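Visitor: I would like to go through this model with you and ask, for each label, what value stands behind it.

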Amino acid sequence: NYKSTNKYGIKAQTVRHVDLNDLKGFARDAYGIIKVESAQIIDGRISYYRKNSANEYDFAYSIPLQLPLSARSSVGFNTNQPSTNVADSGLLVENWLSIINSTDAKRKFKIITYDQNGRLLATRYEVLGKRSRVDIDGGHGLLSSPAVGFHEIIPLQKGTFYLAQVIRYGKNS
């Protein structure tokens with residue numbers, strides 16, 4: 001566990017890029033939680049990159065900055081292969097549901113998953129420690145591919161603040 005504070009000035013109508021791997025107190029190439037605070041309204045995103053076989057960076061995905069949730073929420077999943085190449089049609093598209101507890105106490109969540117017709121697929125419970133994250137099957141293992149549906153995330157204690165998102169990973173395409 002690392003913890004530190006880093007301050008940056010950003011002028012109005014400008015962009016500031018910060019490499020999280022270079023932040024003091026953070027483990028390089030690791031998972032974690034970062035909190036962004038500002039006296040002004042800001043817009044931003046966390047972008048994830050990976051190195052390719054030529055040791056160059058490929059873009060992977062971005063997640064917009066958002067305020068934590070405190071009530072029931074939902075997020076969709078889609079395991080359809082997006083490639084237009086027919087040879088890729090059978091390749092798995094994993095969906096991972098990430099839930100982040102931004103509360104300073106352990107919290108319990110109920111996750112109810114439905115298919116696109118509203119049929120119940122699963123009911124799961126997750127207990128997250130303070131300021132922690134869990135990644136669980138976001139749909140690829142619950143139905144045969146391709147599949148579409150949604151997860152309902154329900155915090156089971158008052159005063160819970162959290163984030164929930166689904167990340168899609170295409171295989172070998």
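Visitor: Which residue stands opposite Ser132 in β7?

Guide: Asn101 stands opposite Ser132 in β7. Before going further, note that this is a predicted model, in which local features need a pLDDT of at least 70 and side-chain atom pairs count only at pLDDT 80 or more, while totals for chains, interfaces and linings use all residues. Residues are numbered from 1 along each chain as its sequence is written, and side-chain values use heavy atoms, with hydrogens and water left out.

Visitor: What is the mean confidence of the chain, and which elements have the lowest and the highest values?

Guide: The pLDDT, which is the predictor's confidence in each residue on a scale from 0 to 100, averages 86 over the chain, and 95% of the residues score at least 70. Among the elements, strand β2 (residues 57-64) has the lowest mean, 77, and β5 the highest, 97. Strands here are DSSP runs of E with at least two residues, helices are runs of H or I with at least four, and both are numbered from the N terminus.

Visitor: What makes β4 a paired strand, and how many bridges join β4 to β7 and to β9?

Guide: Two strands pair if DSSP finds at least two bridges between them. Six bridges join strand β4 (residues 93-101) to β7, and nine join β4 to β9, so both pairs satisfy the criterion of at least two. Both pairs run antiparallel, and one of the bridges to β9 has Asn95 with Arg168 as its partner. The result is an open sheet of three strands in the order β7-β4-β9.

Visitor: Why are β7 and β9 called edge strands?

Guide: Each of them pairs on one side only. From one strand to the next the twist averages 20°, where the axes are lines fitted to C-alpha atoms (for helices over the stretch in contact) and angles run from 0 to 180 degrees between N-to-C directions.

Visitor: How many residues of β4 are buried?

Guide: Eight of the nine residues of β4 are buried, which leaves the strand mostly covered. Buried means under 20% relative accessible area, exposed means over 50%, and partly exposed lies in between, with a 1.4 Å probe and protein chains only.

Visitor: How many aromatic pairs does a search of the whole structure find?

Guide: The search finds two aromatic pairs. Rings of Phe, Tyr and Trp (its six-membered ring) pair if their centres lie within 6.5 Å, and planes under 30 degrees apart count as stacked, over 60 as edge-to-face and the rest as tilted.

Visitor: Why is the pair of Phe109 and Tyr162 called edge-to-face?

Guide: The ring centres are 5.3 Å apart and the planes stand at 65°, so the pair is edge-to-face. Phe109 belongs to strand β5 (residues 107-115) and Tyr162 to strand β9 (residues 162-170), and the pair links parts of the chain 53 residues apart. Phe109 has a relative accessible area of 0%, so Phe109 is buried, and Tyr162, also at 0%, is buried.

Visitor: Why is the pair of Tyr114 and Phe150 called stacked?

Guide: Here the centres are 5.0 Å apart and the planes are at 25°, so the pair is stacked. Tyr114 lies in strand β5 and Phe150 in strand β8 (residues 148-155), so the pair ties together parts 36 residues apart in sequence. Tyr114, at 18% relative accessibility, counts as buried, whereas Phe150, at 32%, is partly exposed.

Visitor: Why does Glu152 count as buried, and what joins the side chains of Glu152 and Arg72?

Guide: Glu152, in strand β8, has 14% relative accessibility and therefore counts as buried. A polar contact of 2.7 Å joins the side chains of Glu152 and Arg72. A polar contact is a pair of N or O atoms within 3.5 Å; within protein, one must be able to donate a hydrogen and the other to accept it, and residues adjacent in sequence count only if both atoms are side-chain atoms.

Visitor: Why does Asp115 count as buried, and which backbone nitrogen does the side chain of Asp115 reach?

Guide: Asp115 is at 8% relative accessibility and so counts as buried, and its side chain reaches the backbone nitrogen of Arg119 at 2.9 Å.
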